[in-house]
Amino acid sequence: NNGSHWSPCLTKVDACARAAPPTGRYAFVMSQYGPPDSPFLPYIVPLAQKAKDARATGAKVDIVLLMEREFAESLDDMYQDTLQEHSIKLVGVPFVLPSRMAHHAGDKWCGAKDFLKLHALNLTGYDAVAVFDWGLEVWGDFMPALRCAAAGWVLTVGGGQHEPMDLSFFAAPADARLFSAAISFAKKAPFHEKTGWGKSGFVPKPGWYADADCGAGFVHALFYQRGKLAEGIRSDAGLTDGSVRFAQLDLCEWSYQQVFLCPGFDCTKVRAHFKPNQPGSDPKECMKRDRSMFDEAAPIVSTGCKRCCDDGWRHTPCFDVDACAAEGPTDGRFALVLASIHAPPKSLPNIASWRAFADASNRTDLVMIMTKTDFETFGVIAEKRLQLKKWGIRIVLVDWATPPGMLFQPTVSWCGPQDIVRLHAFALEGH
C-alpha cells in the first residue's frame, strides 16, 4: 500500500538498484532489545553467508547488531564469541525510546523493540541498511533492495494478517533525516485507538488493526500516511524534496508470512522466510529450512532444558508439579472451573472426564463462573443446554467479566473478557 490505498508492490527492484552509487557501503542490521538470551541470533548463519557472498562480488557489506549501550557494554563472552565468529559489529545506542514520548508508552510498549530497529537509520557511515527481524531466515539476495535503498528508497513490507506494515524487514537509506523525523514524531504524536498515531488514521485499513499501536503502525503513519502532523514533520526534516521516496515490496518474496496471503507462490522465489514456524494444513506452505529451533527435543543452551517453559523473561525448565503436589494439603478441597460469557456453549464435550475425575478424588467440585448479567439472560438456557444438574456443576455468579474502570477499553471486538472472567477462580471461597 502507498499510505492511502492498496496498490501494486514495487517489483522492479533491480532497475531501481542500478541508480545506487557504484561504491556504496551497506549494512545488514539486526537488533537485540534488552539483555540477550538463547537462542541468540538463531538465523545468523544464512545471513552471514549472504553477506559473504555479497563481498565476493566486490560489495562492501557489514553485519551490525544494535543494542542499548548498557547491555552492549556488559555482553557475556558466549554472545561475544558469536559476534566474533560471524564478524558482527556491535553498536551500542544511548537510548531505545526517546524521552518525553507523546504516547507515554514506556519500556513495556510493544513498539520499543521496533523503535530500536529505527536506530539503523542513523548509521550514517553506510549508504543504506537492511534491517532483519530475528525470526527472518534469509534465503536469497538482498543486495538489490539495499542498492535501491541507497538510491533514495525506503522499502517495507505489509503484514501477514493484511496489516499495512510489518517490520520483519525493511531497507532504507542511512539518513539522519529519517531518524530525526522518527524522534520528532514520537515526541509529538500520541496514539489513540480511534484516530491512530497523531490523528493519521489507519488507512488503508478502515480502523484499528493488530500492532497498529506498535512500531509498524508508528512507521506507517510517519512515512506513508497523509496525516497533517506526519507531513509537517517530514517537511521539517527535509524529506519532501523527492530525495527520499517510500514504497513497499511483495512480502511473499521479501518476508514470506504464510500461504494464505501467497497462494501458489513458488517457494524457490522466497528471499526471506518469517512465518510460519510450524507446518499447518496446507502441504504447499513454504517452511523454514532450519527446523532445529522448533524440534521439541532441541536443547536451549542457556538452561539445558529440552521441553522448555519461560519465566516471563527467558526460557527455563518447566515446573515440577508432582514435587509441588507432595507439599500440598492432604485434606484439601478443590475445584475444576469452567467460565462462560454471553450465550453458553452448545455442549461440554469433555464434561464426562471432568466428572469422573471429580468423583474419583471425592474432594473436587465442578464450578461454572458466569456474570450476573449473563445469568439473567442465559441462565435457564445454560441449565437446560449443558445439563448442569446432571453433571453436578455449581454456578458461581460474579459482578463483571472485565474489571470496572479497566484502562484498556478496545473499540473493536476483543477476546480478553472470556479469559479475564476466569480470574474470578482465584477468589472462590471454600477451596
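These are my notebook entries on a predicted model of a protein.

**Overall look**

I started with the whole chain. I counted 431 residues, and 45% of them come out as buried. The secondary structure runs to 15 helices and 17 strands. I also boxed the C-alpha atoms along the principal axes and got roughly 80 × 50 × 45 Å.

**Strand 1 and its partner**

I went to strand 1, residues 25–32, and asked how many of its residues are buried. The count is 7 of the 8, so I noted strand 1 as largely enclosed by the rest of the structure. Next I looked up its pairing with strand 2, which covers residues 60–68. The two run parallel, with 8 bridges between them. For a register mark I wrote down Met30, which sits opposite Leu65 of strand 2. A reminder to myself: sheet strands pair through backbone hydrogen bonds, in either a parallel or an antiparallel way.

**The 5-12-11 sheet**

Then I took up an open sheet of 3 strands, and I wanted its strand order. I read it as 5-12-11, and the pairing is mixed. Strand 5 (137–138) and strand 11 (256–257) are the edges, each pairing on one side only. Between strand 5 and strand 12 (residues 272–275) I found antiparallel pairing over 2 bridges. Which residue of strand 12 is the bridge partner of Val138? I traced it to Ala272.

**Cis peptides**

I scanned omega next, bearing in mind that most peptide bonds are trans. One cis bond links Val203 to Pro204, with omega about 5°. I placed Pro204 in the loop that runs from strand 9 (196–197) to helix 8 (215–223). Another cis bond links Lys275 to Pro276, and there omega is about 0°. Pro276 belongs to the loop between strand 12 and strand 13 (308–310). Lys275 brought me back to the small sheet's middle entry, as strand 12 spans residues 272–275.

**Positive phi**

I kept going with the backbone angles. Most residues other than glycine have a negative phi, and I went looking for exceptions. Ser87 is one of them, with phi near 55°. I found Ser87 in the loop between helix 4 and strand 3 (88–93). Gln258 also has a positive phi, about 85°, and is not a glycine either. Gln258 lies in the loop from strand 11 to strand 12. Is Gln258 buried or exposed? I had to settle on partly exposed, because its relative accessible area is 24%.

**Charge on the surface**

Helix 4 came up again when I checked surface charge. I listed a negative patch made of Asp76, Asp77, Asp81 and Glu85. Glu85 is in helix 4, which spans residues 77–85. I logged Glu85 as exposed because its relative accessibility is 60%, and the cut-off for that is over 50%.

**Met370**

My last stop was Met370, in strand 16 (residues 364–371). Its relative accessible area is 0%, so I put Met370 down as buried. I also took its C-alpha distance to Ile44 and got 50 Å. In sequence, Met370 and Ile44 are 326 residues apart.

Note on methods:
Residues are numbered from 1 along each chain as its sequence is written. This is a predicted model: local features need pLDDT of at least 70, side-chain atom pairs count only at pLDDT 80 or more; totals for chains, interfaces and linings use all residues. Side-chain values use heavy atoms; hydrogens and water are left out. Patches are made of residues with over 30% relative accessible area and no salt bridge: like charges are joined within 9 Å, nonpolar side chains (Val, Leu, Ile, Met, Phe, Trp, Tyr) within 5 Å. Accessible areas come from the Shrake-Rupley method with a 1.4 Å probe; for residues, only the protein chains shown count as cover. A salt bridge is a side-chain nitrogen of Lys or Arg within 4 Å of a carboxyl oxygen of Asp or Glu. Lys and Arg count as positive and Asp and Glu as negative; His and the chain ends are not counted. The place of a charge is taken as NZ of Lys, CZ of Arg, CG of Asp or CD of Glu. Helices (H or I, at least four residues) and strands (E, at least two) are DSSP runs, numbered from the N terminus. Buried means under 20% relative accessible area, exposed over 50%, partly exposed in between (1.4 Å probe, protein chains only). Two strands pair if DSSP finds at least two bridges between them.
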